[in-house]
Amino acid sequence: MEEIEKMLLEKIAELHALPDGAYNIRKDGAGDGRKSTENIRIENRKDGKSGIDIFVSSRTQGESVHIPVVITKDGYRETVYNDFYVEDGADVLIIAGCGIHNCGLGNNEHSGVHTFHIGKGARVRYVERHYGEKAGAEEKSTNVMNPSTVLYLDENSRLEMETTQIKGIDSTIRSTKGELKAGAELIVREKIYTHRDQFAETDFSVDLNGDGSSADVVSRSVASENSRQKFVSNINGNASCKGHTECDAIIMDGAQVTAVPSLAANHVEAELIHEAAIGKIAGEQLVKLMTLGLSEKEAEEQIVKGFLS
């Protein structure tokens with residue numbers, strides 16, 4: 001692998017070498033390495049769309065699959081469709097993400113559509129990281145990522161999603177739609193940092209259709225300089241269920257943050273809660289760190305790092 005590719009893979013997937021388990025590495029629209037295992041099979045799509053199908057057998061217990069994407073071409077755009085089929089009772093870790101190295105003046109864009117079909121009693125942890133950097137004229141080029149996730153959780157299944165936008169993404173619209181059957185559980189933890197004139201929008205919509213289903217959606221974000229963020233969440237309680245959505249944001253400089261939480265209780269036993277908090281860094285936090293010898297900028301960086309950790 002080239003040095004740029006190695007760096008991007010380390011940023012988005014913490015890979016220093018090829019993983020031991022199943023993996024599919026995509027670079028500039030083409031395959032750059034693939035491995036299936038006895039229990040996890042990766043295949044090209046058969047419908048003509050760009051992307052892969054990942055089949056996780058019920059025998060899978062504590063295994064992992066990596067599916068990172070790296071873009072190093074200037075002015076490259078793509079839309080990729082990945083479908084996951086997780087059989088009943090499986091237990092798997094899925095590590096995805098996209099890294100862009102923009103080396104010129106063009107606009108690079110990656111749109112990924114991930115659809116999860118999670119079987120009864122299955123356990124899935126999904127980690128997705130996005131990272132971008134520029135080696136050309138930063139004010140002229142843009143890095144765009146638009147991830148879409150569609151979730152179908154069967155009875156008594158569990159999905160933990162951890163999504164992180166690390167840095168360097170000028171524009172992103174992040175969409176997650178989910179449908180949960182009885183006893184299914186969805187846990188989402190989102191972390192976003194924007195600066196300069198960047199824009200990030202998050203749109204969660206979850207239908208709790210089965211008795212005992214639950215969703216816990218928490219977004220933590222920092223908006224600095226002249227960046228803009230928008231957080232929209234919709235939890236629809238259509239059964240005896242529990243739902244919680246929370247947006248917690250730090251705003252700095254001339255940034256803007258909008259939070260639009262929405263709940264719909266369509267069943268008398270639906271228990272739904274939403275929380276939204278937007279504010280600046282507390283002055284006493286800065287003073288405390290500055291008394292330890294940090295500058296104001298260094299103190300802010302430490303507070304932001306801790307907030308998003």
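In this predicted model, the second largest cavity encloses about 90 Å³ of space, where a cavity is a set of points, on a 1 Å grid over the protein atoms alone, at which a 1.4 Å probe fits but cannot get out, and where a volume is the space filled by probe spheres set on points that are joined across faces, edges and corners. The second largest cavity is lined by E128, P147, T149, M161, T163, R174, S175, T176, E190, T202, D203 and F204, a lining residue being one with an atom within 4 Å of a point. At least two of these lining residues come from each of β11 (142–153), β12, β13 (171–180) and β15, with strands (E, at least two residues) and helices (H or I, at least four) taken as DSSP runs numbered from the N terminus. The lining comprises three nonpolar, five polar and four charged residues, the nonpolar class being Ala, Val, Leu, Ile, Met, Phe, Trp, Tyr, Cys and Pro, the charged class Asp, Glu, Lys and Arg, and the polar class the others, Gly among them.

The whole structure holds three cavities of 30 Å³ or more, and the largest cavity has a volume of about 110 Å³. Thirteen residues line the largest cavity, and H110, G112, H114, E128 and H130 lie nearest its centre. β7 (77–86), β8 (91–102), β9 (107–118) and β10 each give at least two residues to this lining, which contains six nonpolar residues, six polar residues and one charged residue.

Open space was examined in the form of pockets, a pocket being an open set of points with protein on both sides within 12 Å along at least five of seven lines. The largest pocket holds about 600 Å³ of space; it is lined by 23 residues, of which Q165, I166, K167, Y193 and L308 are the closest to its centre. At least two lining residues are supplied by each of β10 (123–134), β12 (158–167), β14 and α3 (296–308), and by class the lining has six nonpolar, six polar and 11 charged residues. The second largest pocket, with about 230 Å³ of space, is lined by Y193, S224, E225, M252, D253, K297, E300, E301, Q302, V304 and K305. Helix α3 provides the largest share of this lining, six residues, and the lining divides into three nonpolar, two polar and six charged residues.

Residue Q198 is situated in the loop between β14 (185–194) and β15 (199–208). Q198 is buried, with a relative accessible area of 2%, buried meaning under 20%, exposed over 50% and partly exposed in between, with a 1.4 Å probe and protein chains only. Beyond its neighbours within four places in sequence, Q198 is in contact (heavy atoms within 4.5 Å) with G168, I169, D170, Y193, S227 and R228.

The chain as a whole contains three helices and 20 strands. Its radius of gyration, taken over C-alpha atoms, is 20 Å, close to the 19 Å that the globule rule gives for 309 residues, so the chain is as compact as a globular protein of that length; the rule is 2.2 Å times the number of residues to the power 0.38. Of the 309 residues, 50% count as buried.

Residues are numbered from 1 along each chain as its sequence is written, and side-chain values use heavy atoms, with hydrogens and water left out. Local features need pLDDT of at least 70 and side-chain atom pairs count only at pLDDT 80 or more, whereas totals for chains, interfaces and linings use all residues.
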